[in-house]
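Visitor: Could you take me on a close look at the empty spaces inside this protein? I would like to know what surrounds them.

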Amino acid sequence: MTHELGIRRSHALRAAVGQELVSPGRPVVGLLDIEGVTRSVAALKAAFATPGVAVTHTFAVKAASLVPVLALLGEYGLGAEVASPGELALALAAGIPADRIVLDSPAKTTAELREALALGIAVNADNPQELARIDALRAERPSSAAPVGLRVNPQVGAGSIGAMSTATATSKFGVALRDPGAEEWVLRAYRERPWMDRLHTHTGSQGVPTKLMAAGVRAAYELAERVNAAAGRRQITVLDIGGGLPVNFDSDETSPSFAEYADLLRAEVPGLFDGRYGLVTEFGRSLLAKNGTVLARVEYAKSAGGRPIAVTHAGAQVATRTVFVPDAWPLRVLALDAEGREKDGEPVVQDVAGPCCFAGDLVARARPLPLLAPGDHVALLDTGAYYFSTHFAYNSLPRPAVHGYTVGPGGEVAFSPVRAAQTQAELLAESGAGLPPLTAPPLPAPPQGQGRGQEADRHSGQEFDHDRR
Ligand SMILES: *Cc1c(COP(=O)(O)O)cnc(C)c1O
């Protein structure tokens, strides 16, 4: 039985080809299932809804840094988790109110902190030095109403992907809670700052099991209880439990679901939901991944060493992690015909390559798929987060266009623009075109007499002869 998500996607893939959103001149495009996004948001909200508990769901902007998407999420009441001045600008451009924005970056500059405090954006300090900067800034502006928290690393351990594991013993994020003296420092930091009213942890992302995430949340909750006990009052009023729900990249089902994770938290950390704390979440990948698809044309179909290779226009520029760390980030790939319909030929083991000029630019290796031919298409599934929205500028390939889609009851597809493709002019400007050439002293003249130049010529000549043998 095909999942509704898959049915909407097949309609959209055919329509995107039919309406020439993808074409020889625009050989790769990102597609976003708007109804799917709506359903993901509804599932998130339903999972955490608890009478008497104020929950603010922020969306981790890095997972889909696209203003129309942020604006849609904002319409549904979501906020934004930002980690750079650019991400903050996107959230504000999307109309997300400041009181629904959280700033979490390990390298916030003083200027960024000043702006956040002035706008009333919640800041989670990463370390004691940052907290000292916040102290100084608050002294400049004692009226600041911006909530301030501290990020802690509960050091509960790693998941299956090292680069995504934020709660290892030596993770770069937050105050490492189990280090000698750390908890004493945290208790003192709150005692000395009665205005500090939040505590933050983000225990993992893709590859971290939910049990481990819950253990991290539990450690943060228990710390908040100790801070409040030491303060003799409810000083910490909001727990920011981060995001990081892993995504299954192997089917259209969503597993684990937001409901499963929220139920696990209710079982493991019941005090989180008893109304004494407000909650902030920061999910990214799990809200968007399943709702996005990369659609690309097959330019050539060749063979090397007996292996068929489809050379497509979707590679490292839109599937960076899959290309560079294929075992951690496998993607489902659909083989589509020239009209964008799923091909149904006998599966043939083949590579699906991208357009980048390095040998490893493959989105699938030795994958059994109906044999692809020039003019066919491929779809990379579950790429709504961190893929087409997080373009990698290798080979000066342009950022592809992104289109949202809705599918009517008769299968009719309506597209709306989410991001225009990067133009050649933008690409040139980004690469410094129009700036004056670098000025530099002339190359030194070659030495007089029996020159090195002659020697080098002789040498390279020998090498050439050698190569010819
Ligand atoms: C990246 C990040 C998130 C979102 O992580 P996902 O795995 O995309 O859900 C949330 N909070 C912080 C602090 C992050 O760095």
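Guide: Happy to! In this predicted model, the lining of the largest cavity is made up of five nonpolar, four polar and one charged residues. One run of that lining is Leu245, Pro246, Val247 and Asn248, and the list continues with Thr254, Ser255, Pro256, Phe258, Ser286 and Lys290. Together they enclose a volume of about 60 Å³. The structure has six cavities of 30 Å³ or more, so let's step into another of them.

The second largest cavity holds about 40 Å³ of space. Around that space you will find Leu199, Thr201, Val217, Ala220, Tyr221, Leu239, Asp240, Ile241 and Leu272. Two elements, helix H8 (210-231) and strand E9 (238-240), each give two or more residues to this lining. H8 makes the largest share, with three residues. Sorted by class, the second cavity's lining has seven nonpolar residues, one polar and one charged.

The ligand belongs to another kind of space: the place it takes is the largest pocket. Its surroundings consist of 15 residues, with Lys62, Ser205, Gly244, Glu282 and Tyr386 the closest. That shell divides into three nonpolar, six polar and six charged residues. Among the contacts to ligand oxygen atoms, a side-chain N or O atom of Tyr386 lies at 2.6 Å, one in the side chain of Ser205 at 2.7 Å, and a backbone N or O atom of Gly284 at 2.9 Å. Taken alone, the ligand would expose 390 Å², and the protein buries 94% of that area.

Technical notes. Residues numbered from 1 in each chain as written. Predicted model: local features only at pLDDT ≥ 70, side-chain atom pairs only at ≥ 80, totals over all residues. Heavy atoms only, no water. 1 Å grid on protein atoms, 1.4 Å probe; cavity = no way out; pocket = protein on both sides within 12 Å on 5 of 7 lines; lining within 4 Å. Points joined across faces, edges and corners; volume = space filled by probe spheres on them. Nonpolar A, V, L, I, M, F, W, Y, C, P; charged D, E, K, R; others polar. Helix = DSSP H or I, 4+ residues; strand = E, 2+ residues; numbered from the N terminus. Near = heavy atom within 4 Å. Polar contact = N/O pair within 3.5 Å; in protein donor to acceptor, adjacent residues only side chain to side chain. Areas by Shrake-Rupley, 256 points an atom, 1.4 Å probe, with all protein chains shown as cover. Sits in = over half its atoms within 2 Å of the grid points.
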